[in-house]
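Colleague: I've got a model open and I'd like to walk through it with you. Can I fire some questions at you?

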Amino acid sequence: MSTLTDLLADHTHLSGAVAGHLQRVVAEWQLLADLSFADLLMFVAAADDTVICVAQCRPNTAPTVFPVDEVGRSVPSAVNPQVGTAIAGRRIVRDAGPTTIGTEARRDSGPVEVRREAVPVTFDGEVVAVVTRTANLAQLRLPSTLEMAYQDCADDLCQMLADGTFPQNEGNPRGLSTPRAGDGFIRVDADGVVAFASPNALSAVHRMGWTAELTGNRLVDVMAELLTDRFEAEEVAGMVTDAVGGGAGMRTEADARRASVLIRAVPLRPGGRPAGAAVLLRDVTELKRRDRALISKDATIREIHHRVKNNLQSVSALLRLQARRTDNPEARGALNEAVRRVAAIALVHELLSGSVDEAVDLDVVVDQLVPVLADVAAVGDGQAVVRREGRLGVLPSDLAMPLVMVLTELIQNAVEHGFTAGDEGEVIIDADRTTRRLVVTVRDDGVGLPADFDPRSSERLGLQIVHTLVRIELGGTLDLATRAEGGTQAVLTIPLR
């Protein structure tokens, strides 16, 4: 089945920033589905006046309406008028009453009575998608207090989705998992007082050591009494206070007397109006014991990257020392190029040694490489300035390593061969990233390529390395040409699927 990124790339022209926002929505909308007791479908506008479903989420708290996957299904806008109305009106659209979804929509699973609404997904003031909520009314009955609390919170989150304020970029420096609504749900009002606590939340708080009634108490005071570590208590208090005040949400893990809990605070500000916060609790006492073994293995992997980096730096230092003791200019130049290449690989391993996953932020790598490469940019009395424009983003290490090598060679060639002695110039690294591909352009305002120069047949080791890495490791293309306004331009295109 196609992924969200694949479908957006195939059927839309949305920017990388919009696609990133939709991915964040999909990453967080399980909470919305569970609180709504409803199936969620995400639609985007496609060609020929159609809409296509690019993502789907089923609730853990209610029977699903769509037993068969809807992802990838394209339908005319007239078949689903709610979506078009939500996009045009930039508002939540609800059915006047219950409706029936027939056998065709349910793929021969039988008709069912549902309640539907369409919620526009707003990003930077524009509607970029629509999320539909479809609740199964087959077991219609008087809702319980828990169900009403869930629904009230879900309505607030839907309004925030339409406002463009959900999901937020939460603080999660330790990469903690997300508690589900069923793990433990607490609704805190605008004054920080517990208005409702689900049975599972009460059980988790009781295991932490709280024996009194929870509803009506300030959650900050309860946590301050339960948590054994003063710093953790202050962190949780600040997290809940910020969420109630409308600040960014956050999640953390804390230890009480008899249990460890994962806590997440989600601020609620529908229509910009402070409405308190939703606090999710999960008892992770047993999971924490199991995670210790995984943490040990993860630390071992990072230590390996650290040692590889140290070894590469030692090799680089030995090559640099040998270059200084060599009288042959060609040999010295070759050794210095080897020093630069080894240093680039060492920098990637240095970042991996401090990362919790096998991914590299290329912007950090390039920004650290530029000063090193600029040291050799002096040409006579002139100076070449190297700077970056645009964001390259994060890539897995198997792509980041060869890409860093390619960029190192291209930048080095630009600063060494793009300018004549005494000239001043500029080398710009420009990046354009979408859901489909990453395009990196390295351009300068120097002398350009020689008239008879063929980059494909060049015997220069650097270009041979570049073409090999681009073709085999990156599966991309490289176009090297003289710019019409002067200078040289290298355009590197890499598929990201």
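Colleague: Let's start with Thr100: which residue is the bridge partner of Thr100 in S6?
Modeller: Bear in mind that this is a predicted model. Strand S5, residues 99-101, pairs with S6 in the antiparallel sense over three bridges. Thr100 has its bridge partner in S6, and that partner is Glu113.

Colleague: And S4, which residue of S6 is the bridge partner of Val93?
Modeller: S4 and S6 also pair in the antiparallel sense, over two bridges. Strand S4 covers 93-94. For Val93, the bridge partner in S6 is Ala118.

Colleague: How many bridges join S6 to S7?
Modeller: S6 spans 112-123 and S7 spans 126-136. They run antiparallel, and one of the pairs is Arg116 with its bridge partner Thr134 in S7. The number of bridges joining S6 to S7 is ten.

Colleague: What sits in the turn between S6 and S7 with a positive phi?
Modeller: The two strands form a hairpin with two residues between them. One residue in that turn has a phi of about 55° although it is not a glycine. That residue is Asp124.

Colleague: Is Asp124 buried or exposed?
Modeller: To count as exposed, a residue needs a relative accessible area over 50%. Asp124 comes out at 69%, so Asp124 is exposed.

Colleague: How many of the twelve residues of S6 are buried?
Modeller: Asp124, in the loop after S6, is exposed, but S6 itself is another story. The strand is largely enclosed by the rest of the structure, because the buried residues in S6 number nine.

Colleague: Where does Arg90 lie, the other one with a positive phi of about 55°?
Modeller: Arg90 is not a glycine either, yet its phi is positive. Look for helix H3, residues 81-89, and then for strand S4. Arg90 lies in the loop between H3 and S4.

Colleague: Now the rings. Is the pair of Phe37 and Tyr150 stacked or tilted?
Modeller: The model has three aromatic pairs by the rule used. In this pair the ring centres are 5.6 Å apart and the planes meet at 25°. Planes under 30 degrees apart count as stacked, so the pair of Phe37 and Tyr150 is stacked.

Colleague: How many residues apart in sequence are the parts that this pair ties together?
Modeller: Phe37 is in the loop between helix H2 (16-36) and strand S1 (38-46), while Tyr150 belongs to helix H4 (residues 145-163). Both are buried: Phe37 has 14% relative accessibility and Tyr150 has a relative accessible area of 4%. The pair therefore ties together parts whose separation in sequence is 113 residues.

Colleague: What kind of aromatic pair do Phe185 and Phe196 form?
Modeller: Their centres are 6.3 Å apart and there are 50° between the planes. Stacked needs under 30 degrees and edge-to-face needs over 60, so 50° makes this pair tilted.

Colleague: Which aromatic residues form one cluster?
Modeller: Phe185 sits in strand S8 and Phe196 in strand S9, eleven residues apart. Phe185 is buried at 0%, and Phe196 is buried too, at 14%. The one cluster is made up of Phe37, Tyr150, Phe185 and Phe196.

Colleague: Back in H4, which backbone nitrogen does the side chain of Glu147 reach?
Modeller: Glu147 is found in H4 and counts as buried, at 16% relative accessibility. Its side chain comes to 2.9 Å from a backbone nitrogen, the one of Ser144.

Colleague: And which residue does a cis peptide bond join to Phe166?
Modeller: Omega is about 0° at this bond. The partner sits in the loop between H4 and S8. The residue joined to Phe166 is Pro167.

Colleague: One last thing, the sheet of five strands. Which strands stand at its edges?
Modeller: The sheet is open, with mixed pairing and the order S14-S16-S17-S19-S18. An edge strand has a single partner, so one side is left without a neighbour in the sheet. That fits S14 (384-389) and S18 (477-482).

Definitions and conventions. Residues are numbered from 1 along each chain as its sequence is written. This is a predicted model: local features need pLDDT of at least 70, side-chain atom pairs count only at pLDDT 80 or more; totals for chains, interfaces and linings use all residues. Side-chain values use heavy atoms; hydrogens and water are left out. Two strands pair if DSSP finds at least two bridges between them. Helices (H or I, at least four residues) and strands (E, at least two) are DSSP runs, numbered from the N terminus. Rings of Phe, Tyr and Trp (its six-membered ring) pair if their centres lie within 6.5 Å; planes under 30 degrees apart count as stacked, over 60 as edge-to-face and the rest as tilted. Buried means under 20% relative accessible area, exposed over 50%, partly exposed in between (1.4 Å probe, protein chains only). A polar contact is a pair of N or O atoms within 3.5 Å; within protein, one must be able to donate a hydrogen and the other to accept it, and residues adjacent in sequence count only if both atoms are side-chain atoms.
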